[in-house]
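Here is a set of short exercises to work through with the model open beside you. Try each task first, then follow the solution step by step.

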Amino acid sequence: MFENLLLLDQAYPFVGISIALVLGLLIGSFLNVVVYRLPVMMERDWQSQAKQILEIQDESPSEREGKSGAETFNLILPNSRCPSCSRPIRPWENIPVISYLVLGGNCAGCKDSISIRYPLIESLTALLTVIVVIQYGLTPAAIALAFLTFGLIALALIDYDTKLLPDDITLPLLWLGLIANYYELVTNFSSAFWGAILGYLTLWSVYHAFRLVTGKEGMGYGDFKLLAVLGAWMGWELLPLIIILSSLTGAVIGGCLIALGRDRNNSIPFGPYLAIAGWIALMWGEQITRAYLEYVA
């Protein structure tokens, strides 16, 4: 099957790009749901667990979820609706990017404006998926790396919004990276294995050293897991490049946001920078490293 897809992609390159574009738009629409709902689901679960531990009997509406008359809340249900008027969004009003443009960026019911973030995430996901397919073709590696790309987008946005990197995403990505490289889709298994270990231990060491010196926590445990994910997918050899790129990305993006008026005290978590740096290293890591070595030689 994959051989046929590869031959088709070689004969008609636009086929692979078209498939990646449509898939990216659809997945991008779903990522909008994940980015909003997963943190809410996590918070509700924490509240429920805390009240069980403290033996608190009263229940909030969210904790009665799943009981008679309560609305189910997960990544599938309830159906999407306008946050302003609660009007259900019809299927033809939920076509990625196109519906936003046709509706003029407004709800079809109350005419309240729809955040530009939704089509931007859909477009970004489509663009990055297309780049993955251009780089790797219609191959098993491209399919695996597309899933990694989707996960990195979700993690970056959730961390930006909530300063959380959910285990529900990082841990499956970690195992998928090791499984993918057991079959050497990106690198060999030994490099992936040590990449996961060294990725975690690198930021773990930085975290504890920073806390010993300053008495403060400079990052969260989710950052350790995210670098372990990147190490599992790309191998230990690219970890130094990822760390350098994440620092440069943070300096550039942070500087731009401050110039645009962002409060200096309202810091951006490290996760988005790691995700961006990891994806860049995934696509062009070897070229960047080669160019640097040629420059310093």
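**Exercise 1. A loop with an unusual residue**

In which loop does E184 lie?

Solution. Start with the ground rules: this is a predicted model, in which local features need pLDDT of at least 70 and side-chain atom pairs count only at pLDDT 80 or more, while totals for chains, interfaces and linings use all residues. Residues are numbered from 1 along each chain as its sequence is written, and side-chain values use heavy atoms, with hydrogens and water left out.

Step 1. E184 lies in the loop between helix 6 (167-182) and helix 7. Helices (H or I, at least four residues) and strands (E, at least two) are DSSP runs, numbered from the N terminus.

Step 2. Check the backbone: E184 is not a glycine, yet its phi is positive, at about 55°. Most residues other than glycine have a negative phi.

Step 3. Check the surface. The relative accessible area of E184 is 56%, so this residue is exposed. Buried means under 20% relative accessible area, exposed over 50%, and partly exposed in between (1.4 Å probe, protein chains only).

Step 4. Compare T187, which lies in the loop between helix 6 and helix 7. T187 has 16% relative accessibility and counts as buried. Leaving aside residues up to four places away in sequence, T187 touches N181, A192, W233, M234 and G235; contact means heavy atoms within 4.5 Å.

**Exercise 2. The chain as a whole**

How many helices and strands does the protein chain have?

Solution. Step 1. The count comes to ten helices and zero strands.

Step 2. Turn to burial: of the 297 residues in the protein chain, 39% are buried.

Step 3. Now take contacts with a separation of 6 or more: residues 24 or more positions apart account for 69% of them.

**Exercise 3. The loop between helix 2 and helix 3**

Which residues does a cis peptide bond join?

Solution. Step 1. The bond is between L77 and P78, with omega about 0°. Most peptide bonds are trans.

Step 2. Place P78 in the fold: it belongs to the loop between helix 2 (13-53) and helix 3 (98-102).

Step 3. Look at V97, also found in the loop between helix 2 and helix 3. Its phi is near 65°, a positive value in a residue other than glycine.

Step 4. Finish with P88, found in the loop between helix 2 and helix 3. P88 is exposed, at 55% relative accessible area. The C-alpha atoms of P88 and P78 are separated by 9.4 Å, and the two residues are ten apart along the chain. Not counting residues up to four places away in sequence, P88 touches S80, R81 and E93.

**Exercise 4. Rings and charges**

How many aromatic pairs does a search of the whole structure find?

Solution. Step 1. The search finds eleven aromatic pairs. Rings of Phe, Tyr and Trp (its six-membered ring) pair if their centres lie within 6.5 Å; planes under 30 degrees apart count as stacked, over 60 as edge-to-face and the rest as tilted.

Step 2. One of the pairs is F193 with W194, edge-to-face at 5.4 Å centre to centre and 85° between the planes. F193 is partly exposed at 37% relative accessible area, and W194 is partly exposed at 42%.

Step 3. Y200 and F224 have ring centres 5.5 Å apart and planes at 85°, so this pair is edge-to-face. Y200 lies in helix 7 (residues 189-214) and F224 in helix 8 (residues 221-234), so the pair ties together parts that are 24 residues apart in sequence. Y200 is partly exposed at 27% relative accessibility, whereas F224 is buried at 0%.

Step 4. Ring pairs also link Y182, Y183, F189, F193 and W194 into a cluster.

Step 5. Visit F73: the charged end of R44 sits over its ring, 4.5 Å from the centre, and R37 lies over the face of F73 at 5.5 Å from the ring centre. A charge sits over a ring if NZ of Lys or CZ of Arg is within 6 Å of the ring centre and within 35 degrees of the ring normal.
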